[in-house]
Amino acid sequence: MAIRRYEPLGLINELTRELSRLSEGGDDASSLATSDWTPAVDIREEPNRYVIEADLPGVRPEDIDIHMEGGLLTISGSRQSEVNESAEGYKRVERVAGSFYRRFSLPDTADAERISARSDHGVLQVVIPKQEKTRPRRIQVEG
């Protein structure tokens with residue numbers, strides 16, 4: 001019996017990726033990046049920071065790459081398969097292996113210099129502090 005990789009949402013995920021690519025303009029260099037799977041994320045805003053939590057079970061911290069450039073935060077990496085496709089005894093393989101890629105547009109209030117990240121029990125947490133609010137000041141017009 002051959003092992004068959006079961007991906008119940010595979011076509012839906014592919015359609016979602018294509019629609020996202022088209023909505024981003026399609027010619028963006030980042031749209032050339034391909035991924036085998038897309039990690040689920042939660043994003044929350046707190047009074048002094050933004051927090052992104054991504055589910056990355058089985059991904060080692062050294063296999064995660066995080067970049068911040070031009071207001072875009074990119075999280076990418078890969079997860080290696082622990083299953084040999086020809087291994088005996090497997091009836092179904094649902095856990096996807098390979099590369100992943102997520103990109104987030106950050107607001108102007110994000111402090112790119114102080115972004116930090118940590119991985120704990122398969123959950124990546126990226127903390128993006130907010131910049132100190134600048135106080136409005138009155139500028140005297142000389143005449």
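Biologist: What N to O distance is found in the salt bridge where the side chains of Arg49 and Glu46 meet?
Modeller: The model is a predicted one, in which local features need pLDDT of at least 70 and side-chain atom pairs pLDDT 80 or more, while totals for chains, interfaces and linings use all residues. Residues are numbered from 1 along each chain as its sequence is written, and side-chain values use heavy atoms, with hydrogens and water left out. A salt bridge is a side-chain nitrogen of Lys or Arg within 4 Å of a carboxyl oxygen of Asp or Glu. For the side chains of Arg49 and Glu46, the N to O distance is 2.5 Å.

Biologist: Is Arg49 buried, partly exposed or exposed, and at what relative accessibility?
Modeller: Buried means under 20% relative accessible area and exposed over 50%, with partly exposed in between (1.4 Å probe, protein chains only). By that scale Arg49 counts as partly exposed, its relative accessibility being 25%.

Biologist: Which residues do salt bridges that share partners join into one network with Arg49?
Modeller: Side chains of opposite charge can pair when their charged atoms come close. Glu53 and Arg44 also meet through their side chains in a salt bridge, at 3.5 Å from N to O. Glu53 is partly exposed at 23% relative accessible area, and Arg44 is partly exposed at 33%. Salt bridges with shared partners join Arg49 into one network with Arg44, Glu46 and Glu53.

Biologist: Which residue forms a salt bridge with Asp63, and how many salt bridges are counted?
Modeller: The closest N and O atoms of the Asp63 bridge are 3.0 Å apart, and the partner is Arg60. Arg60 is partly exposed, with 46% relative accessible area. The count of salt bridges comes to 8.

Biologist: In what order do the elements of the protein run from the N terminus on?
Modeller: Helices (H or I, at least four residues) and strands (E, at least two) are DSSP runs, numbered from the N terminus. The protein holds 1 helix and 7 strands. From the N terminus on, the order is α-β-β-β-β-β-β-β.

Biologist: What percentage of the accessible surface belongs to carbon and sulfur atoms?
Modeller: Of the 143 residues, 26% are buried. Accessible areas come from the Shrake-Rupley method with a 1.4 Å probe, and for residues only the protein chains shown count as cover. The accessible surface of the protein is about 10,900 Å², and the share of carbon and sulfur atoms is 48%.

Biologist: Which two residues form the aromatic pair?
Modeller: Rings of Phe, Tyr and Trp (its six-membered ring) pair if their centres lie within 6.5 Å; planes under 30 degrees apart count as stacked, over 60 as edge-to-face and the rest as tilted. The count is 1 aromatic pair, and this pair is tilted, with 5.0 Å centre to centre and 55° between the planes. One partner lies in the loop between α1 (10-23) and β1 (41-46) and the other in strand β5, so the pair ties together parts that are 63 residues apart in sequence. Both are buried: they are Trp37 and Phe100.

Biologist: Over the face of which residue does Arg79 lie?
Modeller: Arg79 lies in strand β4 (residues 72-79) and is buried, at 14% relative accessible area. A charge sits over a ring if NZ of Lys or CZ of Arg is within 6 Å of the ring centre and within 35 degrees of the ring normal. At 3.9 Å from the ring centre, Arg79 lies over the face of Trp37.

Biologist: Which residues, beyond its neighbours within four places in sequence, is Val51 in contact with?
Modeller: Val51 lies in strand β2 (residues 49-55) and is buried, with a relative accessible area of 0%. Contact means heavy atoms within 4.5 Å. Beyond the neighbours within four places, the residues in contact with Val51 are Asp42, Ile43, Arg44, Glu46, Gln125 and Val126.

Biologist: Where is Asp111 found, and which residues does Asp111 touch beyond four places away in sequence?
Modeller: Asp111 is found in the loop between β5 (98-105) and β6 (116-120). Asp111 is buried, at 14% relative accessible area. Not counting residues up to four places away, Asp111 touches Ile128, Pro129, Lys130 and Gln131.

Biologist: Which residue that is not a glycine has a positive phi of about 55°?
Modeller: The residue is placed in the loop between β6 and β7 (123-129). At 76% relative accessibility, this loop residue counts as exposed. The residue with the positive phi is His121.
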